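Let's take a walk through this structure together, from the way its chains meet down to a few single residues. Have the sequence and the 3D view open as you read.

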Protein chains: 4
Amino acid sequence: MEKKLLNNPTEPIGIKPGKKISELTDEMMKTGFQGRKLGESVEVWSEMLKEEKITIWLGLAGAMVPAGMRRVISYLIENRMIDALVSTGANLYHDTVEALGYTHYIGSAQCNDVVLREQKVDRIHDVFADEDQFHSVDYRLEKDFCDLLKDDCRYSSREILYILGKWLDENGKNKDSILVSAYKNNVPVFSPALSDSSIGFSIMFSNRKYNHRILLDALKDVDETSKITEKSEKTGVIYIGGGTPKNFIQQTSVIADYTLGRDKSHSYAIQISADMPAWGGLSGCTFEEAQSWGKVSANARKVHCYADATIALPIIVNSLSEKVTQKRKGTTFVWKDDDLELTY
Amino acid sequence: MEKKLLNNPTEPIGIKPGKKISELTDEMMKTGFQGRKLGESVEVWSEMLKEEKITIWLGLAGAMVPAGMRRVISYLIENRMIDALVSTGANLYHDTVEALGYTHYIGSAQCNDVVLREQKVDRIHDVFADEDQFHSVDYRLEKDFCDLLKDDCRYSSREILYILGKWLDENGKNKDSILVSAYKNNVPVFSPALSDSSIGFSIMFSNRKYNHRILLDALKDVDETSKITEKSEKTGVIYIGGGTPKNFIQQTSVIADYTLGRDKSHSYAIQISADMPAWGGLSGCTFEEAQSWGKVSANARKVHCYADATIALPIIVNSLSEKVTQKRKGTTFVWKDDDLELTY
Amino acid sequence: MEKKLLNNPTEPIGIKPGKKISELTDEMMKTGFQGRKLGESVEVWSEMLKEEKITIWLGLAGAMVPAGMRRVISYLIENRMIDALVSTGANLYHDTVEALGYTHYIGSAQCNDVVLREQKVDRIHDVFADEDQFHSVDYRLEKDFCDLLKDDCRYSSREILYILGKWLDENGKNKDSILVSAYKNNVPVFSPALSDSSIGFSIMFSNRKYNHRILLDALKDVDETSKITEKSEKTGVIYIGGGTPKNFIQQTSVIADYTLGRDKSHSYAIQISADMPAWGGLSGCTFEEAQSWGKVSANARKVHCYADATIALPIIVNSLSEKVTQKRKGTTFVWKDDDLELTY
Amino acid sequence: MEKKLLNNPTEPIGIKPGKKISELTDEMMKTGFQGRKLGESVEVWSEMLKEEKITIWLGLAGAMVPAGMRRVISYLIENRMIDALVSTGANLYHDTVEALGYTHYIGSAQCNDVVLREQKVDRIHDVFADEDQFHSVDYRLEKDFCDLLKDDCRYSSREILYILGKWLDENGKNKDSILVSAYKNNVPVFSPALSDSSIGFSIMFSNRKYNHRILLDALKDVDETSKITEKSEKTGVIYIGGGTPKNFIQQTSVIADYTLGRDKSHSYAIQISADMPAWGGLSGCTFEEAQSWGKVSANARKVHCYADATIALPIIVNSLSEKVTQKRKGTTFVWKDDDLELTY
C-alpha cells in the first residue's frame with residue numbers, strides 16, 4: 001500500500017567546502033526541525049519578493065543592534081527587501097549610537113556585574129557598552145537633535161525618526177545605519193514604544209531642561225501604521241522576536257478589516273524567535289493563533305523558525321542576497337497631512 | 001574538614017492533607033530549582049512589605065487577564081501589596097471586557113483556527129474570546145468613554161486609565177476589575193504602549209469617526225513614571241513577564257539617577273517569567289545584568305522564578321494573604337499640574 | 001447567535017487566606033495556560049486512581065532528589081498512587097545518599113565553580129553536594145552492597161534496585177527513601193541507564209577492584225518493562241521530565257502491541273516538563289506525537305503541564321493527598337523465573 | 001579614562017553574495033549572543049583538531065538522523081573530526097533504517113495524529129516515517145543480524161554496534177551511514193541506553209522468539225568508555241543535545257580521576273542545545289557546573305551555543321570542512337580482552 005502522506009523523502013544534508021549559503025538553505029529544506037524552517041524562511045521571503053504589489057513589514061525586537069545586526073537590517077532597507085519597519089526604541093537608540101561613531105564591545109555573560117557598574121560598563125547579555133558614550137549621545141540628542149523638533153506638534157514616532165535619520169545622515173559617521181538607510185530610501189520606521197528607550201527619555205529631558213514642549217502622539221502611530229495596511233494591495237510580515245513590534249503590525253490587519261469591512265489579513269508571515277507558545281504570550285504565539293483573529297490569512301504562506309536571530313538572520317539574508325538578483329522597487333509612501341498615498 | 005559552603009542542608013518537601021499554601025511556600029525554600037525560587041519570591045515580597053517607606057512597582061505583561069488573573073491583581077491593588085502598576089494595553093483591555101460583564105472562555109490550543117475565524121472566535125493560547133463581544137466593547141469605548149476625554153489635552157496613559165477606571169466603576173458589572181480597583185485605591189496605572197491594544201485603537205477610531213482630537217503623549221508617561229522613582233525613598237519591583245512594562249520600570253531608575261545625580265536603583269526585585277537569558281532580550285535578562293546598568297541595586301534582595309505566572313502568581317499571592325495580616329497603607333500619590341507629591 | 005465553542009466561561013481565580021491546595025488546583029482548572037494544565041493534571045491523575053484495573057507508570061528524570069523531591073515520590077509509592085517507577089540512575093543514587101543519612105545543601109547557581117572544585121563541592125544548579133560524602137557512599141556500594149550481588153547472574157536493573165532497597169532499609173537512616181519505600185511496597189523500580197550513574201560505576205568498580213563478575217543485562221529491562229504493559233488491563237503514565245524514563249515507558253506500548261497484536265497504548269498520560277516540542281526531541285514531544293506511534297491511545301485523557309517539577313509536583317501531590325481519601329490497593333507484581341504474574 | 005573591559009569592539013555583520021560559510025562563522029565571532037557562540041564553536045573545535053594527542057568525544061542525542069543529520073555525522077567520522085561516539089539508540093536505529101535503503105519523509109507538526117496512526121505513519125516532530133518499513137527493519141535485525149551474535153557473551157554496546165556496522169556495510173545500500181563509517185574507520189560507538197530503542201528491543205525479541213540468550217552488559221560500557229578517557233593524553237567533548245550521551249561522557253572524567261588519582265577533566269568542551277539551565281537538568285546544565293564536578297577542566301576552552309542542532313551542526317561542520325585542510329589521523333583504538341591500547 002502506498003501511503004500518500006509519505007511522498008516526499010528527506011535528504012540528509014551533506015558537507016562540501018565552498019558550499020554557497022543559499023545552497024545550504026536549499027538543502028535544509030529537505031531536512032527536519034528548525035533547520036528545515038530556516039530553509040523555508042528563505043523560500044517564503046523569496047516568494048514574497050516576487051509579488052508585484054505587496055507591502056512588506058518588518059517587526060524588530062530584541063537587542064539586535066548591540067548584537068551586530070545593524071548592517072543586516074540596513075541591507076534589507078537599501079535593497080527593499082522590506083518596505084516598513086516597526087522596531088523597539090532600544091534598537092534605534094543603539095543604531096543612533098553606532099551611527100554617531102560609537103561602538104559596542106565583545107563582552108561576556110559570565111562576569112561580575114557589580115564591577116561593571118563601578119566602571120560604568122553596561123551589559124547586554126554578552127555585549128558590553130560604555131555608559132559614558134551613551135551619555136554623550138544622550139546629550140547630543142537632548143540638545144542638538146531636539147532643537148530640530150517643533151513644540152506642540154503632534155508627532156508620530158515615524159516623523160520623529162525620519163528627522164533623526166536625516167540628522168544622523170548629516171552628523172553621523174556610519175552610513176549603514178538603520179535610520180540613515182530608512183531616511184534615504186523613504187522606508188517608514190515606527191517605534192510605538194519609543195518612549196521606552198533612551199531616545200524617548202532624551203526627548204523628555206529636552207522638555208524638562210530646555211523647556212521644550214515636544215509631543216509624541218502614540219495614537220498617531222496607530223493611525224499611520226493601520227493606513228499602510230489599509231492601502232496596501234497585499235501585506236507580508238517578518239517578525240524578529242515578538243514584543244510591541246509584532247503586536248503593532250498584527251493589529252494593523254484587525255484595524256484595516258474593521259475600517260474597510262473586508263479581509264486585510266497578512267498574506268505572508270515569517271517569525272524568527274525562540275519563545276514558546278505554551279506560556280501564552282504574544283511573542284511566542286503561533287501564526288495559527290493569529291489566523292483565529294484574522295491577523296494572518298487562512299491561506300497565508302507562513303513559517304516560524306525557532307532560533308536566535310543572531311544566527312538565523314545573517315544566514316537568511318545572505319541567502320536572499322544570492323537568490324534575489326534584481327533589486328526590488330518596493331512600496332512608495334507619500335505622507336501628506338493626515339493621509340497616505342501608497343504606490344508600487 | 002568542614003566545608004563552609006555546606007552549612008545549610010536541603011529538607012525534602014513532605015505531603016500532608018490540609019497544608020496551608022504559605023506552609024508549602026515556606027517548605028519550598030528548603031528545596032532546589034524553581035520551587036525554591038517560588039518560596040523565595042514570597043519571602044522577598046514579604047520583606048518588601050515590611051519596609052516603612054517604599055514604593056512597589058508591578059510590571060504586568062502577557063495575557064494575564066484572559067488567563068484568569070484579574071482578581072489576583074485587583075487583590076494586590078486593594079491590599080496595597082503594590083503601589084503602582086505598569087501594564088501592557090492588552091491586559092487592561094481584557095480587564096475592561098470583564099469589568100463590563102463580558103467573559104473569556106475555556107478553549108484549547110489544539111483546534112482548527114480557520115474554523116475559529118469563521119465563527120469569530122479569537123484564540124489566546126487555550127482561552128477563547130467572542131469577537132462580537134469585543135466589538136461591543138470597542139463601540140462603547142469609541143463612543144461613550146471617549147466622550148469623557150478632552151480634545152488637545154496632553155494625556156499620559158495614567159490619566160486616560162484613571163478616567164477609564166472611573167467610567168468602569170460607574171458603568172461596569174465586576175468591581176474586582178484591575179482598573180476599578182486602581183481608581184478606587186488611588187493606584188496609578190501606566191500603559192506605555194497603550195496604543196498597542198484595543199483601548200488605543202478605539203480612541204484612535206474615536207478621533208477618526210467622531211472628529212475628536214484626543215492625544216496620548218507618550219513622553220508624559222516617561223516623565224510621570226520617572227518622577228515616582230525620583231520621589232520615592234526606596235523602590236521595589238515585581239515583574240510578571242518582561243516586555244515594555246519591565247523596561248519602563250527599569251528605566252525609571254536610570255532616569256532618576258541621571259536627574260538627581262545619585263543612586264536610585266531598585267532595592268528589591270522579583271521576576272516571574274520563563275524567558276531565558278541566552279536569547280539576549282530584555283524579557284529574559286537577569287537582575288545581575290540590570291545591576292550593571294544601575295537599574296537594580298548592587299545589594300538588592302532579588303529573585304527570578306522561572307515559571308508560568310498562571311501557576312506562580314496565585315500561589316505567591318495566596319501565600320502572601322496568609323503571611324501579611326495587617327493591611328499596608330502604601331504610597332500616596334497626589335498629581336498636580338506637572339508635579340507629583342508622594343507620601344507614605 | 002450562540003457560538004457553541006463558547007459555552008464554558010473562565011472564572012478568575014480569587015485570593016483567600018487558608019485556601020486548601022486542592023481548592024486552588026480546582027480553581028486553576030477554570031483559568032488558562034499552564035495554571036489550567038496544573039489543575040487538569042490533578043484531575044486526570046484522580047480519574048486514573050479511580051480505575052479498578054490499571055497499572056500506573058511514573059517516569060522520573062531530572063535531578064529531582066537533590067532538589068528535595070524524595071519524600072514526594074516516596075509518598076506516591078507508599079500510597080500506591082503509582083505502581084511502577086522508571087528513573088534515571090542519578091535520582092536513585094541521590095536517594096541512596098539521603099537514605100544513608102547524608103544530605104544535599106542549599107547552594108546558589110551564581111557562584112565560582114572553580115572555587116567549588118577546590119573545595120570538592122559538587123553543584124547541581126543551585127544545590128550543593130559534598131564530594132567526600134559521595135565517595136563514602138561509593139565505597140560502601142562497591143564493597144558492602146556489591147557483596148550481596150551474585151557473579152554471572154543476569155540481573156535486570158529492577159533486581160539490583162530491589163536488593164539495594166532492602167540493603168538501604170537495613171542499613172539506612174531515612175525510611176522515606178524512594179528505594180526503601182519501593183522495596184517495602186513491592187513497587188518495581190527500573191533504571192534502564194543505571195550504568196549512567198554512580199550506582200552503575202560503583203558496581204563496575206566492584207568488578208574491577210574485587211574481581212566480581214556482576215552483570216547488568218540491559219535487555220532484561222526491556223523484557224520486564226514490556227511484560228508489565230502486556231499483562232496490564234490498562235495503563236496510565238506520568239512523566240516528570242523526559243529522557244530515558246519517558247522513552248522506556250513509551251516503548252512498552254509499542255512492544256506490547258507487537259507481541260500481542262492488539263492496541264496496548266496508554267490510556268492516561270500526564271507530563272510535567274518545560275521542554276518545548278520545537279526542538280524535535282523526545283523529552284519535549286507532545287502526546288499527540290505519541291498517538292501517531294500508538295504509544296498513547298487515540299482517546300486517552302492527556303495533559304502536558306509546562307512547569308518545573310519542583311513547583312508542580314509538590315502542588316499536585318498535596319492536592320491529590322486531599323482528594324484521594326481511600327488508599328488504593330494498586331497493582332501486585334509477582335516475578336518468577338522469566339515470568340510475571342500481575343494482579344489487581 | 002580608558003576602560004580595560006572595553007577593548008574589543010563588535011563588528012556588525014555584513015551581507016555579500018557568495019560569502020563562504022567559514023567567512024560567515026568568522027564574522028559571527030565579532031557579534032553577540034548565540035551568533036557569536038556559533039562562531040566560537042567552530043573556533044574551539046578547530047583548536048581541538050590542532051592538538052597532537054587528544055581524543056575527541058561526540059555525544060549525540062535528539063532525533064538527529066530523522067532530521068537529516070546522518071551524513072554530517074558520517075563526515076565527522078570519516079574525516080576524524082571526532083574519535084569516539086556516544087549516541088542514543090534512536091539515532092543509531094534510524095541510521096540503520098537509512099543504511100538499509102529506507103527513508104524518512106518530510107511531514108508537518110500540524111497534523112491529525114490519529115489519522116497518522118490509522119495509516120501507520122509515525123511522526124517525529126515534522127518528520128514522518130513508515131511504520132511498515134520499521135517492521136521490515138526490525139524483522140531483519142531480529143533474524144539476520146542477531147544470528148551473528150553469540151549467546152551468553154558479555155557484549156558492550158560498542159561490540160554489538162561494531163558487528164551491526166559490519167553487517168550494514170555488507171548488506172546496506174547507503175555507505176554514508178554513521179555505523180558503517182564508524183566500522184570502517186575504527187571509531188568506537190557506544191549507546192549506553194541501547195535497550196531504549198528499536199535495536200534494543202529487536203535483540204530482546206530475538207531472545208524471546210528464537211531462544212537466543214544474547215546479553216548486553218551495561219556495566220561493560222562504563223568500563224570501556226572510562227578506559228578511553230583514562231588512557232587519553234587529553235580529551236575534548238562535543239555534545240549535541242544532552243541526555244544519556246552527555247552524562248556518560250561527563251562521567252568518564254569522574255571515573256578516570258578516581259581510578260588514576262589525578263585530574264582527567266576534559267580540556268575542550270562544546271555544547272549545542274537549547275535546554276536552559278534553570279530547570280536543573282543535566283541536558284541544560286552549564287560547563288561551569290561541570291567544572292565543579294571536575295568533569296570539565298578549570299581552564300578548558302568551552303562554549304555553549306543555544307540553538308537547534310539542525311541549524312547549528314550543518315553550519316559548523318561545513319565551516320570546519322573549509323578551515324581544516326589536512327586530514328587528521330585521530331586516535332587509534334585496539335581492544336583486546338578486557339583492555340584497550342590507545343595510540344595517536
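What follows starts with the contacts between chains and then moves inside them.

Keep in mind that this is a predicted model. Start with chains B and C. Two copies of a chain are related by a rotation about an axis and a shift along it. Here, a turn of 180 degrees with a shift of 0.0 Å along the axis lays chain B on chain C, and the RMSD is 0.0 Å. The two copies are therefore related as by a two-fold rotation axis. The same surface does the job on both copies, with 100% of the contact residues of chain B recurring in chain C.

How many residues does the contact take from chain B and from chain C? It takes 72 residues from chain B and 72 residues from chain C. Together, chain B and chain C bury about 6100 Å², and 64% of that is on carbon and sulfur atoms. If you want to pick out residues on chain B, try Ile15(B), Phe33(B) and Ile106(B): they supply 14% of the area that chain B buries against chain C, more than any other three residues.

There is polar chemistry across this interface too. The rule finds eight salt bridges between chain B and chain C. You can look up the one where the side chains of Lys3(B) and Asp130(C) meet, at 2.7 Å from N to O. The interface of chain B and chain C also has 36 residue pairs in polar contact. Several elements each supply at least two residues of the side of chain B that touches chain C, among them helix H1 (21–28), helix H2 (33–50) and helix H6 (131–145) of chain B. H13(B) gives the most to that side of chain B, with eight residues.

Now turn to chains A and C. This contact takes eight residues from chain A and eight residues from chain C. The area buried between chain A and chain C is about 800 Å², with carbon and sulfur atoms giving 75% of it. Met276(A), Ala278(A) and Trp279(A) supply 51% of the area that chain A buries against chain C, more than any other three residues. As for polar chemistry, the rule finds zero salt bridges across the interface of chain A and chain C, along with two residue pairs in polar contact.

Next, go inside chain A and find strand S4 (residues 121–124). In a regular strand the side chains alternate between the two faces of the sheet. Both faces of S4(A) are covered: Val121(A) and Arg123(A) are buried on one side, and Asp122(A) and Ile124(A) are buried on the other. S4(A) runs antiparallel to strand S5 (residues 127–130) of chain A, and four bridges join them. Asp122(A), for one, has Ala129(A) as its bridge partner in S5(A). The two strands form a hairpin with two residues between them, and His125(A) in the turn has a positive phi of about 50 degrees.

Chain C shows you strands of another kind. Here an open sheet of six strands has the order S7-S2-S1-S9-S10-S11, with parallel pairing. Its edge strands are strand S7 (189–190) and strand S11 (296–305) of chain C, each of which pairs on one side only. Within the sheet, strand S9 (residues 235–240) and strand S10 (residues 266–272) of chain C pair in the parallel sense over five bridges. Ile240(C) has Ile272(C) as its bridge partner in S10(C).

Let's finish with helix H8, in two chains. In chain D, H8 covers residues 178–185, and six of its eight residues are buried, so the helix is largely enclosed by the rest of the structure. Which residues of H8(D) are buried? They are Ile178(D), Leu179(D), Val180(D), Ser181(D), Ala182(D) and Tyr183(D). What covers them includes helix H3 (70–78), helix H7 (157–171) and strand S7 (189–190) of chain D. At the start of H8(D), a side-chain oxygen of Ser177(D) reaches to within 3.1 Å of the backbone nitrogen of Leu179(D). After the helix comes Asn186(D), with a positive phi near 55 degrees.

In chain C, helix H8 (residues 178–184) holds Ser181(C). Ser181(C) counts as buried because its relative accessibility is 1%. Its side chain reaches the backbone oxygen of Ser177(C) at 2.7 Å. Leaving out residues up to four places away in sequence, Ser181(C) touches Ser74(C), Ile77(C), Glu78(C), Lys175(C) and Asp176(C).

Definitions and conventions: Residues are numbered from 1 along each chain as its sequence is written. Chains are lettered from A and ligands numbered from 1 in the order in which they are written. This is a predicted model: local features need pLDDT of at least 70, side-chain atom pairs count only at pLDDT 80 or more; totals for chains, interfaces and linings use all residues. Side-chain values use heavy atoms; hydrogens and water are left out. Buried means under 20% relative accessible area, exposed over 50%, partly exposed in between (1.4 Å probe, protein chains only). Contact means heavy atoms within 4.5 Å. A polar contact is a pair of N or O atoms within 3.5 Å; within protein, one must be able to donate a hydrogen and the other to accept it, and residues adjacent in sequence count only if both atoms are side-chain atoms. Copies are superposed by least squares on the C-alpha atoms of residues with pLDDT of at least 70 in both. Two strands pair if DSSP finds at least two bridges between them. Buried area is the accessible area (1.4 Å probe) that two parts lose on being put together, summed over both. A salt bridge is a side-chain nitrogen of Lys or Arg within 4 Å of a carboxyl oxygen of Asp or Glu.
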